[in-house]
Amino acid sequence: MKNLVKILICVVIYVLTFGVLLNWVGDIPTAHAGAPPQGNWIAVPAGTRILIRLTEALSSANQRAGARFVGELETNLMAQGVVAAPRGTTVHGQVVAAESAGRMAGGSELALQLTDIVINNTAHPIMTDTYQLQGQGQGGQTARSVATGAGLGSVIGAIAGGGRGAAIGAAAGGGLGTARAASGGGGQQVNLARGAMLEFRLQHPTSLPRPR
């Protein structure tokens, strides 16, 4: 009789212990599945506007295709209603094309594109449209900005003194900075001063880590 009682007690203890273990193990995936995502990454959609300020001067007279340049975000980079990268974040870019003004009829050209953005001390690749500026060759009466996809770079100044200089806006309205197409005796060079603002837009969506 005593042995039977002991067996029954062992069975009860076993069943209770096994049941508790099952509930504990079963709660793990359920709790994990119901938890919100960690939110360590922010999806930035294509077409997102990126406004930067150059931290160095660029000129069609001395730049070469493939050269790198540095800038900073002028405004917060927003996505999904949150800040994907704060103002002042470092961005890197590349000179896509650069042509110095020719002595005769050749016009100058400077085309730029952003390549990466530095978040949490790591450079993350991005792909933007091209910001392009052009100046007339010798004898030209105007300078123009192509600003492919950027919507900036409208001509805000007229050439004075028979084609000796022109001011090209690096941002339309608001005085955000200017680029200058200056004559060097053989056509206008396109010059972007340090501090000039340029606007780019993402060509493809990208994921960026949430800033710390």
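**Close-up views of a predicted model**

**View 1. Strand 2 between its two partners.** L51 has E199 as its bridge partner, and E199 belongs to strand 15. The model shown here, as in every view below, is predicted. Strand 2 (residues 49-54) and strand 15 are joined by five bridges and run in the antiparallel sense. Strand 2 also pairs with strand 4 (residues 68-73), again in the antiparallel sense, through three bridges. At this second pairing, L54 has G71 of strand 4 as its bridge partner.

**View 2. G71 and the pairing of strand 4 with strand 7.** Five bridges connect strand 4 to strand 7 (residues 90-99), and the sense is antiparallel. The residue of strand 7 that stands opposite G71 is V91. G71 is also the strand 4 bridge partner of L54. In a regular strand, side chains point alternately to the two faces of the sheet.

**View 3. The largest nonpolar core.** This core contains 30 residues. I52, L112, I117 and L192 have the most contacts inside it. Strand 8 (residues 108-119) supplies five residues, the largest share of the core. Nonpolar side chains in soluble globular proteins tend to be buried together.

**View 4. Surroundings of I117.** Which residues does I117 touch, not counting those up to four places away in sequence? The list consists of L73, L77, A85, T89, T90, V91, T122, A123, H124, I126 and L208. One of these contacts, V91, is the residue opposite G71 in the pairing of strands 4 and 7. I117 is also among the residues with the most contacts inside the largest nonpolar core.

**View 5. V118 in strand 8.** Strand 8 includes V118. Is V118 buried or partly exposed? V118 has a relative accessibility of 24%, so it counts as partly exposed; the cut-off for buried is under 20%. With residues up to four places away in sequence left aside, V118 touches T89, T90, H92 and A123. The C-alpha atoms of V118 and T90 lie 5.5 Å apart, although the two residues are separated by 28 residues in sequence.

**View 6. N120 and N121 in the loop after strand 8.** N120 lies in the loop that runs between strand 8 and strand 9 (122-125), and N121 is found there too. N120 is not a glycine, yet its phi is positive, at about 55°. N121, also not a glycine, has a positive phi of about 65°. For most residues other than glycine, phi is negative. N120 has 24% relative accessibility and therefore counts as partly exposed. N121 has a relative accessible area of 75% and is exposed, since the cut-off for exposed is over 50%.

**View 7. The aromatic pair Y131 and F200.** How many aromatic pairs does the count give? The count comes to one. The ring centres of Y131 and F200 are 6.1 Å apart and the ring planes meet at 55°, so this pair is tilted. Y131 belongs to strand 10 (residues 131-135) and F200 to strand 15 (residues 197-201), so the pair ties together parts that are 69 residues apart in sequence. Y131 has a relative accessible area of 0% and is buried. F200 is likewise buried, at 0% relative accessibility. Strand 15, which holds F200, is also the strand that pairs with strand 2 over five bridges.

**View 8. Two stretches of low pLDDT.** Over residues 20-38, pLDDT stays under 50, and the model gives this stretch zero contacts beyond four places in sequence. Residues 141-178 also stay under 50 in pLDDT, but there the model has 101 contacts beyond four places in sequence. Across the chain, pLDDT averages 72, and 55% of the residues score at least 70.

**View 9. The chain as context for the close-ups.** The chain consists of 212 residues, of which 37% count as buried. One helix and 16 strands are assigned. Taking contacts between residues at least 6 apart in sequence, 56% join residues at least 24 apart. The exposed area of the chain is about 11,700 Å², with carbon and sulfur atoms supplying 58% of this area.

How values were computed. Residues numbered from 1 in each chain as written. Predicted model: local features only at pLDDT ≥ 70, side-chain atom pairs only at ≥ 80, totals over all residues. Heavy atoms only, no water. Core = buried A, V, L, I, M, F, W, Y, C linked by side-chain atoms within 4.5 Å. Buried < 20%, exposed > 50% of the residue type's maximum accessible area, 1.4 Å probe, protein only. Helix = DSSP H or I, 4+ residues; strand = E, 2+ residues; numbered from the N terminus. Contact = heavy atoms within 4.5 Å. Phe/Tyr/Trp six-rings, centres within 6.5 Å; stacked < 30°, edge-to-face > 60°. Pairing = 2+ DSSP bridges. pLDDT = per-residue confidence, 0-100. Areas by Shrake-Rupley, 256 points an atom, 1.4 Å probe, with all protein chains shown as cover.
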